[in-house]
Amino acid sequence: MRNEKALVLFLTAGDQPLDQLPEIVSALEEGGADVIEMGIPFSDPFGEGPTIQASSQRALDNGVTPRKILSAVSTIHAKVPIVTMGYYNPILRYGLAEFALASRSAGVTGTIVSDLVPDEAEAWCSASLSVGIDTIFLVAPTSTEQRIDEVCARATGFVYAVSRTGVTGAENQVPPDVAALVGRIKAKTNKPVCVGFGISTPAHVSMVCQVADGAVVGSYLVNLLHKEWNGGEGRNKVVEAVRALKNATAVPNAGTNQSGAYG
């Protein structure tokens, strides 16, 4: 068994032409992605940083819609789980049951709705459960114990731990706030815990994987695809960058392979 953790990669669907999604996903898989988060652009992505905000606006300017994204995802023959990530308003406009069914039909295995809290998620969780889609919730360092309890009770798939301060540290030392947050979550659930926000280098991935079951890389990859993909001409650069991130998930003496924990 491989002593490694999961590499979760986020991209903004439609930042590159949607008909290139299958090739982009193929490149990410070749580099070693274990889960791919397919970002659904929204006009008010208040929870995102400037890089993802800009990519969302570019995608919207390209005429991307949730229906078009799911249609494009349906053409992907992914070897790893694909999770959509977005905001509740577009899902409400689509229709909860309709969006869940369309997602499942497209091959999506889970969803992250950034602005949906578990105590208000009954309708969406029911719609997801009815078609066999996982619902993944976020936990932040500021989350109360009650909120973490609610997330752990509701979440399926994995729990997304958000490091609001980013992931920085001296050499291989895990930032105390990240380690503490993962510990609080793991005390309440056996579900995998993946850490995201501010992870942009192999060193960051390595640090996070010392305490969590996986690392989520978003803005770094969005920026890389924006600058280097170029209709596929930069495919090798993308594969090499992802491979470097994946290699950093190796944890000596981890004992088990966590990369397949979700999906």
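**Exercise 1. Salt bridges around helix 11**

Is Asp-34 buried or exposed? Settle this, then trace the salt bridges that tie helix 11 to the N-terminal part of this predicted model.

*Solution.*

Step 1. Start with the acid. Asp-34 has a relative accessible area of 11%. The cut-off for buried is under 20%, so Asp-34 is buried.

Step 2. Find its partner. Asp-34 forms a salt bridge with Lys-246, at 2.6 Å from N to O. Lys-246 sits in helix 11, while Asp-34 sits in the loop between helix 1 and strand 2 (35-39). The two are 212 residues apart, and the pair links distant parts of the chain.

Step 3. Check Lys-246 for another partner. Glu-4 also forms a salt bridge with Lys-246, with the closest N and O atoms 3.3 Å apart. Glu-4 belongs to the segment before strand 1 (6-12) and Lys-246 to helix 11 (residues 235-247), so this pair joins parts that are 242 residues apart in sequence.

Step 4. Check burial for this pair. Lys-246 is buried, at 9% relative accessible area. Glu-4 is buried too, at 12%.

Step 5. Move to Arg-235. Its side chain meets that of Glu-30 in a salt bridge, 2.7 Å from N to O. Arg-235 lies in helix 11 and Glu-30 in helix 1 (residues 21-31), so the bridge ties together parts that are 205 residues apart in sequence.

Step 6. Compare accessibility. Arg-235 counts as buried at 15%. Glu-30 is partly exposed at 44%.

**Exercise 2. Salt bridges across the model**

Give the number of salt bridges, and name a network built from shared partners.

*Solution.*

Step 1. Apply the distance rule: a side-chain nitrogen of Lys or Arg within 4 Å of a carboxyl oxygen of Asp or Glu. The count is 13 salt bridges.

Step 2. Look for shared partners. Glu-145, Asp-149, Arg-184 and Lys-188 are joined into one network this way.

**Exercise 3. Two pockets**

Describe the largest and second largest pockets by volume, lining and residue class.

*Solution.*

Step 1. Take the volume of the largest pocket. It is about 690 Å³.

Step 2. List its lining. There are 38 lining residues, and Gly-47, Met-85, Leu-138, Val-162 and Arg-164 lie nearest the centre.

Step 3. Assign elements. Helix 2 (50-61), strand 6 (138-139), strand 7 (159-162), strand 9 (214-217) and helix 10 (219-229) give two or more residues each to this lining. Helix 2 provides the largest share, three residues.

Step 4. Sort by class. The lining of the largest pocket holds 21 nonpolar, 12 polar and five charged residues.

Step 5. Repeat for the second largest pocket. Its volume is about 250 Å³. It has 13 lining residues, with Pro-41, Thr-65, Pro-66, Pro-90 and Arg-93 closest to its centre.

Step 6. Assign elements again. Helix 3 (66-73) and helix 4 (88-94) each supply at least two residues of this second lining. The largest share, four residues, comes from helix 4.

Step 7. Sort the second lining. It divides into eight nonpolar, three polar and two charged residues.

**Exercise 4. Enclosed space**

How many cavities of 30 Å³ or more does a search of the whole structure find? Characterise the largest cavity.

*Solution.*

Step 1. Count. The search finds three cavities of 30 Å³ or more.

Step 2. Take the largest cavity. Its volume is about 90 Å³.

Step 3. Locate it. Among its 13 lining residues, Phe-10, Ile-40, Glu-48, Ser-56 and Met-85 are closest to the centre. Strand 1, helix 2 and strand 3 (82-86) each contribute at least two residues.

Step 4. Sort by class. The lining of the largest cavity has eight nonpolar residues, four polar and one charged.

Step 5. Link back. Met-85 is named both here and among the residues nearest the centre of the largest pocket. Helix 2 also appears in the cavity lining and in the pocket lining.

**Exercise 5. Nonpolar cores**

Which residues have the most contacts inside the largest nonpolar core? Follow one of them outward, then examine the second core.

*Solution.*

Step 1. Size the core. It has 72 residues, and Leu-9, Leu-28, Met-38, Trp-124 and Ile-185 have the most contacts inside it.

Step 2. Follow Ile-185. Leaving out residues up to four places away in sequence, Ile-185 touches Val-139, Ile-148, Cys-152, Val-159, Ala-161 and Val-193.

Step 3. Turn to the second core. This separate set has 14 residues, including Val-8, Phe-10, Ile-52 and Tyr-160.

Step 4. Connect to Exercise 4. Phe-10 belongs to this second core and is one of the residues closest to the centre of the largest cavity.

Terms used. Residues are numbered from 1 along each chain as its sequence is written. This is a predicted model: local features need pLDDT of at least 70, side-chain atom pairs count only at pLDDT 80 or more; totals for chains, interfaces and linings use all residues. Side-chain values use heavy atoms; hydrogens and water are left out. Buried means under 20% relative accessible area, exposed over 50%, partly exposed in between (1.4 Å probe, protein chains only). On a 1 Å grid over the protein atoms alone, a cavity is a set of points where a 1.4 Å probe fits but cannot get out, and a pocket is an open set with protein on both sides within 12 Å along at least five of seven lines; lining residues have an atom within 4 Å of a point. Grid points are joined across faces, edges and corners, and a volume is the space filled by probe spheres set on the points. Ala, Val, Leu, Ile, Met, Phe, Trp, Tyr, Cys and Pro count as nonpolar, Asp, Glu, Lys and Arg as charged, and the others, Gly among them, as polar. A nonpolar core is a set of buried Ala, Val, Leu, Ile, Met, Phe, Trp, Tyr and Cys residues joined through side-chain atoms within 4.5 Å. Contact means heavy atoms within 4.5 Å.
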